[in-house]
Every structure is written in C-alpha cells, then in structure tokens.
Amino acid sequence: VVERLSNHPTYPGMFERAFGTSTITKELAAKAMAQFMRTLIAGNTRYHKYIYGLPGGYMSAEALRGMELFFNEKGDCFHCHIDVRFTDNSFKNYGLNRVFDITSNGLYNVTGNTNDIGKFKVPTLINIEYTAPYMHDGRFSTLEDVLDHYSEEIQFSPTVDPLMRVDSTGLLLSDGQKSDLVAFLKTLSDEEFLSNPAFSDPFK
C-alpha cells in the first residue's frame, strides 16, 4: 500500500501538505486515515433534532411509539444502544447461534477466552436504515428481519447476553410494535452526513 501511495501522482503532495514530508510511511498513512475517520461524525438526525428541540425534528405518531418502545423494558433496546451514539461499545452475544465455529466465535477468536464465544461489538444505530445487510455475517436483509430475531428467534448458548429473553426465545413483539420500532429507527438517519461530498469517493 505504501508503494502504491508513493507512486501515485497525487498522494505524495498531499502528504507533504499534511505532514511536511512527501515520504509516505505506514505510520503516516495510518495517521491520515485516523484523522479522516475522526471527521465522520453523524448525528444530525430527526431524532436528535427532536430531543434537542431543533428545526426538522418532526416525529410521526408511529415513530414516537417506537421511541417509547425502544427506551422501555418491553422493547429493551436501550440497554445496549445507549446515549446519542446508540452503542455502548461493548461486545455481546446477541443469541444468533446455539453452535459456534470460526465464523461465529466472534471476540473469542481474538481473546481465546471462552466467555467471549459468540460476542460481537454492539454497533451504532445511526444510519442503520442504510447499512443492510445486518449482523456480523449479513444474515438479515431488513430491519424487520432483525426485529423478528429479537422478538421470536433468540438462540440460547452459555455466553448469550443476560439481557436477551432466552426464557421465552425473545421479546415477543407484535407486528405493530415492530412497525413502530422500524419507524423510529429510520429517524436515526443523518441525510446531510450521507450526502456530504467530503465523504464521497474522491476519484469519481
């Protein structure tokens, strides 16, 4: 990668302007990527505008019901998807599997700790409407599929998160409650972020 960047007609000059040297190293490439990624802040959503009382914070009745469900014990989403970032940055077993292998071991593949089998990082829900397919292996195509899992399809295993309703296989949500939750999740989209030319492909 360093060789490709060094031989590129544009990047050496960009590194010169950014770091004072046109000699590209893996350390400087990593710094450049990290600095760019720190600018990727999405949070100008209908939900955020609503809670802060800003213009554009319209919430439909369906979305408001979904928000109430999201933040109460029935929907039970808020324990993992907390605060304005909608993640607690932890690793959890979401009850996806009863039996595990290298593709589903999750954090265990890194730590070797058997308590980490099946655990994956809790993702942010910001822009979740646009990030299908869902879960670490892309097994769910739609938000409705994800809610079906949490509602009726939780799989028990020794490391499944205690917050999962393993006693009843899930939250047992009605179709209406699922629809309300999807409506709320769609208020977490930051359209301005998604259409920002600064984050688009620079070579197109």
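**A cavity, a helix crossing and two backbone oddities**

Searching the whole structure turns up one cavity of 30 Å³ or more. The model behind that search is a predicted one. As for how much room there is inside, the largest cavity has a volume of about 30 Å³. A word on how such spaces come to light: rolling a probe the size of a water molecule over the atoms shows where empty space is left. Around the largest cavity sit Asn93, Tyr94, Leu96, Asn97, Phe100, Ser104, Gly118, Phe120 and His136. Sorted by class, that lining of the largest cavity comes out as four nonpolar and five polar residues, with no charged ones.

Now for the overall layout. The chain holds nine helices and two strands. Read from the N terminus, its elements go α-α-α-α-α-β-α-β-α-α-α. Along the principal axes, the C-alpha trace of the chain spans about 60 × 50 × 25 Å.

One helix pair is worth a look. Helix H5 covers residues 61-70 and helix H8 covers residues 175-185; their axes come within 7 Å and cross at roughly 100 degrees. That crossing makes H5 roughly perpendicular to H8. On the H5 side, the contact involves Glu62, Ala63, Arg65, Gly66, Met67, Leu69 and Phe70, and these meet Gln177, Ser179, Asp180, Leu181, Ala183, Phe184 and Leu185 of H8. By class, the contact of H5 with H8 is made up of eight nonpolar, three polar and three charged residues.

Two of the residues in that contact, Arg65 and Asp180, also pair up through their side chains. They form a salt bridge, with 3.0 Å from N to O. Arg65 belongs to helix H5 and Asp180 to helix H8, so this pair ties together parts that are 115 residues apart in sequence. For the structure, the count of salt bridges comes to seven.

Finally, the backbone has a couple of spots to check by eye. As background, most residues other than glycine have a negative phi, and most peptide bonds are trans. Phe86 is not a glycine, yet its phi is positive, at about 60 degrees. To find Phe86, look in the loop between H5 and strand S1 (91-92). The other spot is the peptide bond from Ala132 to Pro133, which is cis, with omega near 0 degrees. Pro133 lies in a loop as well, the one running between strand S2 (120-121) and helix H7 (143-152).

How values were computed: Residues numbered from 1 in each chain as written. Predicted model: local features only at pLDDT ≥ 70, side-chain atom pairs only at ≥ 80, totals over all residues. Heavy atoms only, no water. Axes fitted to C-alpha atoms, helices over the stretch in contact; angles between N-to-C directions. Helix = DSSP H or I, 4+ residues; strand = E, 2+ residues; numbered from the N terminus. Parallel < 35°, antiparallel > 145°, perpendicular 65-115°, else oblique. Contact = heavy atoms within 4.5 Å. Nonpolar A, V, L, I, M, F, W, Y, C, P; charged D, E, K, R; others polar. 1 Å grid on protein atoms, 1.4 Å probe; cavity = no way out; pocket = protein on both sides within 12 Å on 5 of 7 lines; lining within 4 Å. Points joined across faces, edges and corners; volume = space filled by probe spheres on them. Salt bridge = Lys/Arg side-chain N within 4 Å of Asp/Glu carboxyl O.
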